[in-house]
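Biologist: Can you pull up the model and walk me through it? I'd like to begin with the ligand.

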Amino acid sequence: MAVLLCSTSESVNDWAEALRCLSGIDLRVWPDAGDLTEIDYAIVAHPPLGVLPSLPNLKAVQSLWAGIEHITRDKDLDPTVPILRMIDPGLTGGMTEYVTMHAQRYHMLAHEFDLQQQQGTWQPRTPPLASERKVGVLGLGVLGSDAAQRMADLGFQVHGWSRRAKTLDGVTCHHGDDGLFDLLEQVEILICLLPRTPETENLIDRTTLNAMPEGACIINAGRGELIVDEDLIAALDSGHIAGATLDVFREEPLPADHPYWTHPRVTVTPHIASVTRISTALPVVEQNLKRLMSGEKAEDLPGLVDRKAGY
Ligand code: NAP
């Protein structure tokens, strides 16, 4: 089976080295793709526009990342080619570590004590116990459901929101438009782990922020487009939202003059909430390749993207 690795990410050489160790595949590394008609399968991270549409016999695309915008931005890609997004234990575990850490900082009022320290003030406040704290998770997919369950294991009252109705142990699940407001009205810490789709873009705006209790905090590790930045900054300035930890932005790297960099109530991280590590992702890719070589269809493999739903 001829496999094209097409990545503009800096890990491309490490991936090429790792994939060369797999047996049974004829690995080509873009731009040395050879005869394009021979390529069955592409493994990609932000492929240049036009590369995937130039492969006439492409049977499936494996994304090295959890999001798929880096693939679907190529409007010439045949919409019937199956896309598999990365689902791997390292990516999931890494995200859960990121969001639980930042959620616990807000829970323990570290954001308030940071401000007090900057001002040299001493104003003791007692955080509630985790069992008294309500946390919301927007998106109950692979990443959100793991994060929600870990927060529940830590003793928090966890509410989650998804597009379709869902049941998760230890988590009060909501769905749809009404479900969103049921959740927002009660949670003091909001974790956003939604994909970017036409429905989720600009979801966190003045209306949704105002629905949250005074002093609530937000962690966004989904996509920057979920948030209307001006509305979040206004809510932070007024104190209605007491803190925001942002890992993803509409423009990355975050422009040097963006107000998030210097806002006292914002923590910026450079899109590192969770990254694909070869150590945990290679076995996933290998397993998928083996199943494809044994005749299984890409549609039956884990991570199949619903192209209509956009995630
Ligand atoms: P996933 O398994 O596809 O889950 C997506 C979740 O979002 C599902 O629960 C889905 O609902 C829900 N959803 C989608 N559209 C919705 C809508 N309109 N209303 C309500 N819920 C909606 O994705 P994942 O693997 O958890 O990853 C989520 C996102 O995290 C990725 O798309 C990517 O953007 C981001 N990410 C960020 C980083 C980082 O480093 N910052 C790393 C990896 C991923 P249903 O369950 O009903 O389908």
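Modeller: Among the helices and strands, α5 supplies the largest share of the shell around the ligand, with 3 residues. Bear in mind that this is a predicted model.

Biologist: Which elements supply at least two residues of that shell?

Modeller: α5, residues 142-153, and β7, residues 157-162, each supply at least two.

Biologist: Which residues around the ligand come nearest?

Modeller: There are 28 residues around the ligand, and the nearest are Arg85, Leu140, Arg164, Asp247 and Tyr311.

Biologist: How do those shell residues divide into nonpolar, polar and charged?

Modeller: The split is 13 nonpolar, 8 polar and 7 charged.

Biologist: What about polar side-chain atoms and the ligand oxygen atoms? Where does Arg85 stand?

Modeller: Arg85 has a polar side-chain atom 2.7 Å from an oxygen atom of the ligand. For Arg223 the corresponding distance to a ligand oxygen atom is 3.3 Å. An N or O atom in the side chain of Tyr311 is 2.5 Å from an oxygen atom of the ligand.

Biologist: How much of the ligand does the protein bury?

Modeller: The protein buries 93% of the 940 Å² that the ligand exposes when taken alone.

Biologist: Arg223 came up. What is the backbone oxygen of Arg223 next to, in terms of polar side-chain atoms?

Modeller: A polar atom of the Asn220 side chain lies 3.1 Å from that backbone oxygen. The Asn220 side chain also has a polar atom 3.0 Å from the backbone nitrogen of Gly222.

Biologist: Is Asn220 buried or exposed?

Modeller: Buried, because its relative accessible area is 0%. Asn220 lies in strand β10. Leaving aside neighbours within four places in sequence, its contacts are Cys192, Leu226, Ile227, Thr245, Leu246, Asp247 and Val248. Asp247 is also one of the residues that come nearest the ligand.

Biologist: OK, packing. Which members of the largest nonpolar core touch the most other members?

Modeller: Leu138, Leu190, Ile204, Leu232 and Tyr260, in a core of 29 residues. The elements that each supply at least two residues of this core are α6 (176-184), β9 (189-192), α7 (206-211), β10, α8 (229-238) and β11. Of these, α8 gives the most, with 4 residues.

Biologist: And what is Leu138 in contact with?

Modeller: Beyond its neighbours within four places in sequence, Leu138 is in contact with Trp161, Leu180, Leu183, Leu190, Ile191, Cys192, Leu193, Leu194, Leu203 and Ile204. Another core lies apart from the largest one and has 27 residues, including Val3, Leu5, Leu22 and Ala45.

Biologist: Switching to helix α4. Which of its residues are buried?

Modeller: Ala110, His111, Glu112, Leu115 and Gln116 are buried in α4, which spans residues 110-119. The cover over the buried residues of α4 includes α3 (89-107), β10 (216-220) and β11 (241-246).

Biologist: What follows α4?

Modeller: Gly120, with a positive phi near 65 degrees.

Biologist: Which residues have a positive phi although they are not glycine?

Modeller: Asn202 is one of them, with phi about 65 degrees, and His271 is another, with phi about 50 degrees. Asn202 sits in the loop between β9 and α7. His271 is in the loop between β12 and α9 (278-293). Asn202 counts as partly exposed, because its relative accessibility is 35%. His271 counts as partly exposed at 31% relative accessibility.

Biologist: Where are the cis peptide bonds?

Modeller: One joins Trp30 and Pro31, with omega about 15 degrees. Another joins Glu252 and Pro253, with omega about -5 degrees. Pro31 is in the loop between β2 (26-29) and β3 (39-45), while Pro253 is in the loop between β11 and β12 (266-268).

Biologist: Last one, the segment after α9. What does Leu304 touch there?

Modeller: Not counting residues up to four places away in sequence, Leu304 touches Pro82, Ile83, Leu84, Ala298 and Glu299. The C-alpha atoms of Leu304 and Ile87 are 9.9 Å apart, with the two positions 217 residues apart in sequence numbering. Leu304 counts as partly exposed, at 35% relative accessibility.

Terms used
Residues numbered from 1 in each chain as written. Predicted model: local features only at pLDDT ≥ 70, side-chain atom pairs only at ≥ 80, totals over all residues. Heavy atoms only, no water. Near = heavy atom within 4 Å. Polar contact = N/O pair within 3.5 Å; in protein donor to acceptor, adjacent residues only side chain to side chain. Areas by Shrake-Rupley, 256 points an atom, 1.4 Å probe, with all protein chains shown as cover. Nonpolar A, V, L, I, M, F, W, Y, C, P; charged D, E, K, R; others polar. Buried < 20%, exposed > 50% of the residue type's maximum accessible area, 1.4 Å probe, protein only. Contact = heavy atoms within 4.5 Å. Core = buried A, V, L, I, M, F, W, Y, C linked by side-chain atoms within 4.5 Å.
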